[in-house]
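Student: I am new to this structure and would like to learn how to read it. Could you take me through it step by step?

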Amino acid sequence: MKVKTVGTGSISVKERSACCLIDEKILVDCGNGIVKTLLEQNVDVNKIDTLLITHLHGDHFADIPFLIMQRNFCPAENELNIFCPIGTEENVGKIFSLLYSDTSDWTISRDRAKINFVEFDSLDNKEVTNGYFVDSYLVDHGNFKPAYGFVITNGEKRVGVSGDSTYCENIDKIVESSDISILDMSFIESGAKHMGVNDIKRLVEKYNKKIIGTHMSYASRQFVLDNNIGGIIIPNDGDVFEV
Ligand SMILES: [Zn+2]
């Protein structure tokens, strides 16, 4: 599997919103600015046939209306299935209708884009696209609920994604069952809603697995680089990792 770290930043840094792309067809999260970022990174947006949404914060789902618009302007042959928390479709509909108030019925644009919303409260070894299976894990994003992490399996390979979360037991399960994990590393020290470098360092030492930081602030990114903390991979936007 090939994992592209499309965006690696938190809201207040120049890096784009946390987002990754697996094998050019499974996108995890689609926050503010991600459609333009994909185009900048020469990704064939129409090849993406699956979008997994971790939770309904704007830096993780706000660009779905622009994905719909993109697929209206540049029609795709394939359908795009969006696996997302319950309530996503209604929220996207409201946002789309506000952004394009000249559209009488947003579902016309949704259907023209060949987009299906598949809302879930749990995914259990769900085949989301040919040969790719997803398990969802509830994670702990403070008072924001629900928030999910995922493990994506293709053959013998597994990629874990934490979404936004402070440390909780399900983070262990994601890391333990994955060959490589992309984890929220917003802070230097763990916070109420996000993990810190201290959490990620502990997980690297415990499991001896590859862990990539994401959702990084300038402080957490620089702290790992300055202190030469081995085992934590600090990606740039657009980097590609072979699993
Ligand atoms: Zn969040």
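Tutor: Gladly! A residue is called buried if 20 or more other C-beta atoms lie within 10 Å of its own. Keep in mind that this is a predicted model.

Student: Let us try that on a helix. Which residues of helix H3 are buried?

Tutor: Helix H3 spans residues 64–73, and its buried residues are Ile64, Pro65, Leu67, Ile68 and Arg71. They cover an arc of only 160° around the axis, so they lie on the same side of H3.

Student: And what do the buried residues of H3 pack against?

Tutor: Their partners are helix H1 (34–40), helix H2 (58–61), helix H5 (106–112), H4, and the strands E5 and E6.

Student: How do I read the way H3 and H4 meet?

Tutor: Look at the two axes: those of H3 and H4 come within 9 Å and cross at roughly 65°. Angles from 65 to 115 degrees count as roughly perpendicular, so H3 is roughly perpendicular to H4. The crossing of H3 and H4 is right-handed. On the H3 side, Ile64, Pro65 and Ile68 make the contact, and on the H4 side Val92, Ile95, Phe96 and Leu99 do.

Student: Now the strands. In what order do E1 to E6 and E14 stand in their sheet?

Tutor: Reading across this open sheet of seven strands, the order is E6-E5-E4-E3-E2-E1-E14, and the pairing is mixed. Strand E6 (115–120) and strand E14 (239–242) are at the edges; each has a single partner strand, so one side of each has no neighbour in the sheet. Direction ignored, neighbouring strands here are turned by 20° against each other on average.

Student: What does one pair inside that sheet look like?

Tutor: Take strand E4 (residues 50–52) and strand E5 (residues 80–85), which pair in the parallel sense over three bridges. Leu51 has Ile82 of E5 as its bridge partner. Helix H4 (residues 88–99) packs on this sheet, where it touches E5 and E6, and its direction makes about 135° with that of E6.

Student: Which strands make up the other open sheet, and which stand at its edges?

Tutor: That open sheet also has seven strands with mixed pairing, in the order E7-E8-E9-E10-E11-E12-E13. Strand E7 (126–129) and strand E13 (232–233) are its edges, each with a single partner strand, so one side of each lacks a neighbour in the sheet.

Student: In what sense do E8 and E9 pair, parallel or antiparallel?

Tutor: Strand E8 (residues 132–138) and strand E9 (residues 148–154) pair in the antiparallel sense, over seven bridges. Val134 stands opposite Ile152 in E9. Helix H6 (residues 169–176) packs on the sheet and touches E8, E9, strand E10 (157–161), strand E11 (180–184) and strand E12 (210–214); its direction makes about 160° with that of E8.

Student: And how do E11 and E12 pair?

Tutor: E11 and E12 pair in the parallel sense over five bridges, and the partner of Ile180 in E12 is Lys210. E12 is mostly covered, with four of its five residues buried. H7 lies across E11, E12 and E13, at about 170° to E12.

Student: Let us finish on H7. Is Asp199 buried or exposed?

Tutor: Asp199 belongs to helix H7 (residues 197–207). With 23 other C-beta atoms within 10 Å, Asp199 is buried. Leaving aside neighbours within four places in sequence, Asp199 is in contact with Tyr167 and Ser190. The C-alpha atoms of Asp199 and Thr166 are 8.6 Å apart, although 33 residues separate the two along the chain.

Technical notes: Residues are numbered from 1 along each chain as its sequence is written. This is a predicted model: local features need pLDDT of at least 70, side-chain atom pairs count only at pLDDT 80 or more; totals for chains, interfaces and linings use all residues. Two strands pair if DSSP finds at least two bridges between them. Helices (H or I, at least four residues) and strands (E, at least two) are DSSP runs, numbered from the N terminus. Axes are lines fitted to C-alpha atoms, for helices over the stretch in contact, and angles run from 0 to 180 degrees between N-to-C directions. Two residues are in contact if their C-beta atoms, placed from the backbone, lie within 7 Å. A residue is buried if 20 or more other C-beta atoms lie within 10 Å of its own, exposed if 12 or fewer, and partly exposed in between; C-beta atoms are placed from the backbone. The arc is that of the directions from the helix axis to the C-beta atoms. Angles under 35 degrees count as roughly parallel, over 145 as roughly antiparallel, 65 to 115 as roughly perpendicular and the rest as oblique. A crossing is left-handed if the near helix is turned anticlockwise from the far one by less than a right angle, and right-handed if clockwise.
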